[in-house]
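Hi everyone, thanks for making time. I'd like to walk you through one chain today, stopping at a handful of residues along the way.

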Amino acid sequence: MPITTTTIAATKDSLQEKLADYLQENYADKKFARVTDRVEQVIELLSANGVKAEIAEIMGYYPEESEMQLNAIHISTTNRLTLVLTVAYPVSTGDADETITLPLTVTAPVAETEA
């Protein structure tokens, strides 16, 4: 099947650890390309640690009491991986939720991109 959806973590507590496990199990030694400027077509290459850092930075913008879930959608025909972080704000800040996507393209193994 060309589209695979995976729930990486259903709670914020283990999110970073489970993201690391998911990336290691499914994309060991791969890099991830991310478009940072659509107009200028600037592409940034991230390692698994870079992807984790991006998610950690996004998580840092939300109240500590927020509930979070991280899902991954992989489309094998295009090698696109979209990480989807869903945030539910704490009741004290009002009923609200937000969904943030981090679209990535899985690239060649690390050794090939550095050569």
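Let's start at E65, which sits in the loop that runs between α2 (48–59) and β4 (67–75). Please keep in mind throughout that this is a predicted model. Is E65 buried or exposed? Its relative accessible area is 53%, so E65 counts as exposed. And E65 has company: together with D13, E64 and E67, it makes up a patch of negative charge on the surface.

D13 is a nice member of that patch to look at, as it comes from another part of the sequence. You'll find D13 in the loop between β1 (3–9) and α1 (15–27). With a relative accessible area of 76%, D13 is exposed. If you measure across the fold, D13 and M68 have their C-alpha atoms 8.9 Å apart, while 55 residues separate them in sequence.

Now look at K12. K12 is also in the loop between β1 and α1. Here the relative accessibility is 17%, and buried means under 20%, so K12 counts as buried. What does K12 touch, once neighbours within four places in sequence are set aside? The list is M59, P63, E64, E65, S66 and M68. Two of those names, E64 and E65, should sound familiar from the negative patch. For a sense of scale, K12 and N79 are 27 Å apart, C-alpha to C-alpha, and 67 residues apart in sequence.

Let me turn to the salt bridges. How many are there? The count comes to two, and R34 takes part in one with E44 and in another with E54.

Take R34 and E44 to begin with. Their closest N and O atoms are 2.6 Å apart. R34 belongs to strand β2 (residues 30–37) and E44 to strand β3 (residues 42–46), so this pair ties together parts that are ten residues apart in sequence. In terms of exposure, R34 is buried, at 18% relative accessible area, whereas E44 is partly exposed, at 29%.

Then there is R34 with E54, where the closest N and O atoms are 3.5 Å apart. This pair links distant parts of the chain, with R34 in strand β2 and E54 in helix α2, 20 residues apart. Both R34 and E54 are buried. Put the bridges together and, through shared partners, R34, E44 and E54 join into one network. As general background, side chains of opposite charge can pair when their charged atoms come close.

While we're on helix α2, let me point out E57, which also has its place there. E57 comes out as partly exposed, with 45% relative accessibility. From E57 to P109 the C-alpha distance is 25 Å, and the two are 52 residues apart in sequence.

For the backbone fans, I have a couple of phi angles. Most residues other than glycine have a negative phi. Which way does D29 go, positive or negative? D29 has a positive phi, about 65 degrees, although it is not a glycine. D29 is in the loop between α1 and β2, and at 59% relative accessibility it is exposed.

N79 makes a good companion to D29. The phi of N79 is positive as well, at about 60 degrees, and again this residue is not a glycine. N79 is placed in the loop between β4 and β5 (80–88). On accessibility, N79 is partly exposed, with a relative accessible area of 29%.

My last stop is T99, in strand β6 (residues 97–109). Which residues does T99 touch, not counting those up to four places away in sequence? They are V84, L85 and T86. Looking at T86 in particular, its C-alpha is 4.4 Å from that of T99, with the two residues 13 apart in sequence.

So, to recap the stops: the negative patch of D13, E64, E65 and E67 on the surface, the network joining R34, E44 and E54, the positive phi angles at D29 and N79, and finally T99 in strand β6. Thanks for listening, and I'm happy to rotate the model to any of these places if you'd like another look.

Methods. Residues numbered from 1 in each chain as written. Predicted model: local features only at pLDDT ≥ 70, side-chain atom pairs only at ≥ 80, totals over all residues. Heavy atoms only, no water. Patch = residues over 30% accessible without salt bridge, like charges linked within 9 Å, V, L, I, M, F, W, Y side chains within 5 Å. Areas by Shrake-Rupley, 256 points an atom, 1.4 Å probe, with all protein chains shown as cover. Salt bridge = Lys/Arg side-chain N within 4 Å of Asp/Glu carboxyl O. Lys, Arg positive; Asp, Glu negative; His and termini not counted. Charge placed at Lys NZ, Arg CZ, Asp CG, Glu CD. Helix = DSSP H or I, 4+ residues; strand = E, 2+ residues; numbered from the N terminus. Buried < 20%, exposed > 50% of the residue type's maximum accessible area, 1.4 Å probe, protein only. Contact = heavy atoms within 4.5 Å.
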